[in-house]
Amino acid sequence: RVAITAGGTLIKYRLVRVCLRLVFLIITHILVHMSDIESPQIEGGCDNRDLLKKNITLTRGICLVVGGMIGTGIFITPNYIARSVMAPAPSIILWGFGGFIAAAGGMSFCELGTMFPISGAEIAYMNRIYGPVPAFLSAWFNHFLLRGMGIAIGILGFTKYFWSIFYPDPEAEVAVWADKLLAQFVNIVFVGLTAFAPTLNVKSVVVESSLKIAATLMIIISGFVYLMVRQGHDGNGDIATGFKGTNTDPKAWGGAINGIIWSYYGWEMICGVTSEVQNPQKNVPIIVGVSVSMVTVLYILTVTSYHIVIPISDMIQDIPIASKFGLATMGKFGKIFLALAVLISSLGNVHCTFLHSSRTIHSAAVEGLLPGALSLVSRRFKTPIVTVLYLGLVTAVFVLVGDLNGLIDSAVFTSFPFYVLCCVGVFVMRWRSPEIRRPYRVPLIFPALFVLFGVYAFVTPFTSQYSWRISLMWVGVVLAGVPIYFLLIKNVLNLKCFHLASGTVTRFLALKLDCE
């Protein structure tokens, strides 16, 4: 037993050493690139992003970001947060803190987005600041491999609340295979809508965002009315207990913060579709500022209403929290109404995620960081149809094998390093290219705070009960992109067979799907 333990420790440290060496090589490449680069260059072929129709107005942009941020997080994550901190006051404070972090990241992205007004978000920014290697790592791992994770979380949240309409305890009464089958059906439906009905898809964003705001306002109003009506009576939640019973374990708080940050994901969404925004250098900062502020206020008041009505002993249970809230405040009608609201919210989030992700992956392919087939656009539907189909495939895999809370932890852990690099890029561009016009200049305190928090979010999984092996595995998968980039993208070994196969697949898909 001692020998096995010693052997496992040795393997652990050897893996860590290999990862550190790869990180050192990446940093060296970045520094060399930063010293040589003079102006942003695209390594891929023709940049066709300017040909995209600029149909995202200020209002539609706000609806897109609000719709991307308000998904299932505010309706399912409060259980996870309450279970971690065990008191109402720290739970509410953490939701406010999450809004501040989202605002810091969003404002930092706005400076880069107005400097480089093109779609692609962190991929486009890193390609111009650090060179193609970090951009490729984000493109192939965070988008090409794992972007379907966010869509899977939205779909799984949908199925959870769908079954709660018909069963008091869906976790115990609904078979796993039935839940997975419903999730796969929803995935297929939305792939079809995103690929083949783009007009309906875009128009629904405004409607869905309005319904999401209405649902959260319903929760807020119901909670405060409940407080006034039940004042002095039994049955209130534990809002008055404040910090009493707070869990002081920092590891638990780390998991809670990760869950909250996931609920705020979407603040960067407008930067992924900048090429389609009207007057982006003016509208992008307004869109981010208004959207993040609105969602933060809604989240804080919604969680406060939860704690007004539902005791902490119930909040920590793995139950559909919005349905329980509706049942307590408005009876059976409230339970069904809020369950339907969550269904609409999760579906709307999937809509926005498909729209954003398809453009981001398309941008990566245009810049030569992903296979050329992903840059194909349907002549008939004017959508990146190959990208949408691929996202549907990846989502189907995560729906089958993923646990909801595990997916949230993994998504936060793998995404933040790339966002941190972009925020560091604000400082790099201020130093390296001060002459570039910046329609919006973020106060440097915001990217600095986001970087500090990003380091914390990255380190936390290695110290928590969420196994260090899984965290190290994610790091290893990310770094595996380094040899993949040099072998397949840079083609250092002159692998003609790969490029021949890639070209053949691209031409075949272009012919069969009528793409260009």
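Visitor: What is the relative accessible area of F100, and is the residue buried or partly exposed?
Guide: This is a predicted model. F100 sits in helix 4. Buried would need a value under 20%, and exposed one over 50%. F100 falls in between, so it is partly exposed, with a relative accessible area of 36%.

Visitor: Which nonpolar patch does F100 belong to, and how much accessible area do its members have together?
Guide: F100 shares the surface patch with F97, I445, L449 and L452. Two elements each give two or more residues to this patch: helix 4 (88-115) and helix 18 (445-463). Together the five residues have an accessible area of about 440 Å².

Visitor: Which helix gives the largest share of the nonpolar patch?
Guide: Residues I445, L449 and L452 are patch members. Helix 18 runs over residues 445-463. The largest share, three residues, therefore belongs to helix 18.

Visitor: Turn to charge. How far apart are the N and O atoms in the salt bridge of R430 and E111?
Guide: The rule asks for a side-chain nitrogen within 4 Å of a carboxyl oxygen. R430 and E111 pass, with an N to O distance of 2.8 Å.

Visitor: How many residues apart in sequence are R430 and E111?
Guide: R430 belongs to helix 17, while E111 belongs to helix 4. Their side chains meet in a salt bridge. The pair therefore ties together parts of the chain whose separation in sequence is 319 residues.

Visitor: Which other residue forms a salt bridge with E111 at 3.3 Å?
Guide: The partner lies in the loop between helix 17 and helix 18, 327 residues from E111. At 9% relative accessibility the partner counts as buried. E111 itself has a relative accessible area of 0%. The partner is R438.

Visitor: Which salt bridge does R128 make?
Guide: The N to O distance is 2.9 Å. R128 is in helix 5 (residues 122-129), and its partner is in the loop between helix 15 and helix 16 (385-401), so the pair ties together parts 239 residues apart in sequence. Both residues are buried. The partner of R128 is E367.

Visitor: Which residues do shared partners join into one salt-bridge network?
Guide: By the distance rule the structure has four salt bridges. E111 bonds to R430, and E111 also bonds to R438. The network therefore consists of E111, R430 and R438.

Visitor: How many aromatic pairs does a search of the whole structure find?
Guide: Rings pair if their centres lie within 6.5 Å. Searched with that rule, the whole structure gives 21 aromatic pairs.

Visitor: Is the pair of F136 and W140 stacked or edge-to-face, and what is the angle between the planes?
Guide: The centres are 6.4 Å apart. Both residues are buried. Planes under 30 degrees apart count as stacked. This pair is stacked, its plane angle being 10°.

Visitor: Why are F136 and W140 separated by about one helical turn, and in which helix?
Guide: Their positions along the chain explain it, because the two are four residues apart. The element that holds both is helix 6 (residues 132-145).

Visitor: Which residues do ring pairs link into a cluster?
Guide: The members come from several places along the chain, as their numbers show. They are F109, Y125, Y265, W267, Y419 and F450.

Visitor: What is the volume of the largest cavity?
Guide: Two cavities of 30 Å³ or more turn up in the structure. The largest has a volume of about 310 Å³.

Visitor: Which of the 26 lining residues are closest to the centre of the largest cavity?
Guide: Y265 is one of them, and this residue also belongs to the ring cluster. The full group closest to the centre is R147, G150, W262, Y265 and T353.

Visitor: Which helix gives the most to the lining of the largest cavity?
Guide: Several elements give two or more residues, including helix 2 (58-69), helix 11 (250-263) and helix 15 (321-366). The top contributor gives five residues. That contributor is helix 7.

Visitor: What is phi of M86?
Guide: M86 lies in the loop between helix 3 (73-85) and helix 4. At 31% relative accessibility, M86 counts as partly exposed. M86 is not a glycine, yet its phi is positive, at about 65°.

Note on methods. Residues numbered from 1 in each chain as written. Predicted model: local features only at pLDDT ≥ 70, side-chain atom pairs only at ≥ 80, totals over all residues. Heavy atoms only, no water. Phe/Tyr/Trp six-rings, centres within 6.5 Å; stacked < 30°, edge-to-face > 60°. Buried < 20%, exposed > 50% of the residue type's maximum accessible area, 1.4 Å probe, protein only. Patch = residues over 30% accessible without salt bridge, like charges linked within 9 Å, V, L, I, M, F, W, Y side chains within 5 Å. Areas by Shrake-Rupley, 256 points an atom, 1.4 Å probe, with all protein chains shown as cover. 1 Å grid on protein atoms, 1.4 Å probe; cavity = no way out; pocket = protein on both sides within 12 Å on 5 of 7 lines; lining within 4 Å. Points joined across faces, edges and corners; volume = space filled by probe spheres on them.
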